[in-house]
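Biologist: Please show me the structure, and let us then discuss how its descriptive terms are justified.

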Amino acid sequence: MRARTSLAAAVLLMAPLAACGGESDTAGGAPVVNWYIGNEGWLPDVIQACNDSANGAFALRSESLPTNPDGQREQLVRRLAAEDDSIDLIGMDVVWTGEFAQAGWISPFEQGELENVGSEEQVFKGPFESAQYDGKQYGAPLNSNTRLLWYRKSKLGDRPVPQTWDELFTTAEQLKSPIQETGARAESMVVLFNALVNSAGTTIVEPGADGDAKVVLEEGPTLQALDIMKRLGRAPVAPAGQSNLGEDDNRLAFQSGDSTSVFMINWPFVYPSVVEADPELAKDYGFAPFPRVDKGTPAAAPLGGYNLGIGRYTKDREAALAAINCLTAPEQQRTIATKGGQPPVLRELAQDPEIGESLPFLALMTEQLDTAVPRPVTPTYNDVSLAVRTVLHPLSSISDTQKEYDELKDLLEKALKSQAVL
Amino acid sequence: MTTTTDAGSRRIGAPEPSGRKPAKRSTDRAQAERRLGIKLAAPAAILMLAVTAFPILYAIWLSLQRYDLRNPDDKGFVGLSNYLLVLGDGTWWTAVGSTTLITVVSVFLELVIGLAFALVMHRAIFGRRTVRTAILVPYGIITVISAFAFAFAVAPDTGFLPGSVDPLSSTGGSFATIILTEVWKTTPFMSLLLLAGLATVPEELQEAAKVDGATAWQRLWKITLPNMKGAIMVALLFRALDAFRIFDTVYVQTAGALNTQTISGLGYNALVSRVNLGLGSAISILLFLMIIAIAFVFVKLFKTNLGTVKGGD
């Protein structure tokens, strides 16, 4: 987390400089499409590929945003609220759809405008739902993401791979091994909470436009979810410094030589990383589905990834749309998957051999994407997220789950209406 | 800035009334000078109004509205309800408590250490410049950077602390780290202000006391400190106003976790992250009022004279 935040800070300082380079609106006759997105390794490749095939329909350029999603969102929100017309295309985290749509910062897609990602027949269920708001499609799913259970084969030995949280805790306790799971006061905590709550059979918020959204959180299943979070915060399962651990800290801890952890729950970017750092160690990495709450029901795995949105104040919506149709094409999805370890959203690529070669867990992930449940698509998502972090951090402080439940529900009711001090 | 000019002008003006009483009716010349003075000061005054008064008034106006950029259509005048919402919320009072704790402890430590530094700088015989520069270095470092430096220094993986000691995972440890960072960073500022005060303590008094057999400790308490009381109060006031608005260090090191959230942090969350302009402005205005209250207490109750760094009268 530290390294990432410091990098984010550096990027944040640089961003205004980049934004000031007064650029013309056409490049060699083609209308320029400015794409605001966090810096990703695969960006130059897909931009190059799309510009090569554009035939003057558009000239795509990326404007780099900070590395962490909170920072990306803050910069976008400031610009969009000021009606910045240089924002043509936005790489939106899956949780921003509701907020951006309600505020009128992105324009919805009409039926048939999206060639590749316009229907649920084309796109996995989870990513598709994350792009809908108030009965309209506001986002074009670009790539997806979901967390898996990672384990060290040599350390687990011939014990069975845990399928449920209960089994995971039992095995980890027997092995006296911490479970590398995030515990920082950050979005990652909401990712975990949302997955647990939905796996247990309820949901945080029932979506609705114009302030009609309601807090659901049925008591029984929520207590079950809170109990799992409580156990994650207890020794010997809780890793050292848990209350500050982010995804990247876990990746580093798990792949470091002196790690005692047998298990980690994380996004698949950990795999390309270990392949690059230590190919021998990578062979020891096993992967399994995100743990279930109930043995008979598939888990509602966490869902991440980018949706593309078109800025409301763009000067050339046609060009931006053409760029989206290129970026969501199978070829670009393949590049993103193989270069970034981020799985595609297109159903047709579920069995793709080329992606499967660099991401051995592709089949597992695409299976999870159909049962994954997006975090609440609601205009005040950010308030909801801050409320969850406020009540549940640090995990080690959760003792009386009933008390936490009452507190959380109360704060969420206020947060949903943007009436809480957070 | 204003303080030094005020002090300067007063000192220049001071010898004047020594001989005769000032005339009751001002002369034409004095009136013309007065008019010229107003004209010369006007541009600066107008600029100040534009860059400070306008934003403050605008924030007050916003704080009386229901105005959330995420829902721009649902906007309207709501009177004081944003304030009632903030003041009736436990999170707000926790933030007030933690901000006060950080302010009081860090300013106190800065005063003690800053005074020691000031004495060293004042009495240094060899390498006077080097000593002064060395003491001032932390103040030249950007707060975000020093916050990161201390966060790295206490982290279990990159830090200097033994074993798995991790201050930033407990409330006490987090406060200690934040306060340590603040003290390290701003003590030089404090000692600079105190050094200015030390320079005004008459050397004759010190020598007379020495002749009378006063120990160094007695001279510090009976002569130096009473004579620089004014400077100490000014330094405390400046630092208290500054420390109460603390944001960067907490944002970087804990992001408000473990009950370390400060008032500025709440304002940032509401204004920048949640773009709830009404609620966020109410928090900012409340912070503004608290800052005014601190300044008022210092100036009226403790009789801090901002016009002079010289004390003891």
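Modeller: The buried residues of helix α14(A) pack against α2 (43-53), β8 (140-145), α13 (317-327) and α15 (353-358) of chain A. This is a predicted model, in which local features need pLDDT of at least 70 and side-chain atom pairs count only at pLDDT 80 or more, while totals for chains, interfaces and linings use all residues. Residues are numbered from 1 along each chain as its sequence is written, chains are lettered from A and ligands numbered from 1 in the order in which they are written, and side-chain values use heavy atoms, with hydrogens and water left out.

Biologist: Which residues of helix α14 of chain A are called buried?

Modeller: Buried means under 20% relative accessible area, exposed means over 50%, and partly exposed lies in between (1.4 Å probe, protein chains only). In α14 (residues 330-340), the buried residues are A:Q332, A:Q333, A:R334, A:T335, A:I336, A:A337 and A:G340. Helices (H or I, at least four residues) and strands (E, at least two) are DSSP runs, numbered from the N terminus.

Biologist: What makes the contact of A:D45 and A:K339 a salt bridge?

Modeller: A salt bridge requires a side-chain nitrogen of Lys or Arg within 4 Å of a carboxyl oxygen of Asp or Glu. The side chains of A:D45 and A:K339 meet at 3.5 Å, N to O, and therefore satisfy the rule. A:D45 lies in helix α2 of chain A and A:K339 in helix α14 of chain A, so the pair ties together parts that are 294 residues apart in sequence.

Biologist: Why is A:D45 called partly exposed, and why is A:K339 called exposed?

Modeller: A:D45 has a relative accessible area of 32%, which lies between the two limits, so the term is partly exposed. A:K339 has 52%, which is over 50%, so this residue is exposed.

Biologist: How do you know that B:R239 and B:E110 form a salt bridge?

Modeller: Their side chains meet at 2.6 Å, N to O, which is within 4 Å, so the rule is met. The pair links distant parts of the chain, with B:R239 in helix α10 (residues 229-244) of chain B and B:E110 in helix α4 of chain B, 129 residues apart. Both B:R239 and B:E110 are buried. Salt bridges that share partners join B:E110, B:E182, B:R239, B:D242 and B:R245 into one network.

Biologist: Why is the ring pair of A:F254 and A:Y285 called edge-to-face?

Modeller: Rings of Phe, Tyr and Trp (its six-membered ring) pair if their centres lie within 6.5 Å; planes under 30 degrees apart count as stacked, over 60 as edge-to-face and the rest as tilted. The centres of A:F254 and A:Y285 are 5.3 Å apart and their planes stand at 75°, so the pair is edge-to-face.

Biologist: What makes the pair of B:F54 and B:Y58 stacked?

Modeller: Their ring centres are 5.9 Å apart and their planes lie at 10°, so this pair is stacked. B:F54 and B:Y58 are four residues apart in helix α2 (residues 28-63) of chain B, a separation of about one helical turn.

Biologist: How many residues of chain B are in contact with chain A?

Modeller: Contact means heavy atoms within 4.5 Å. By this rule, 33 residues of chain B are in contact with 30 residues of chain A. Three salt bridges are found across the interface. The side chains of A:K414 and B:D89 meet in a salt bridge at 3.7 Å, N to O.
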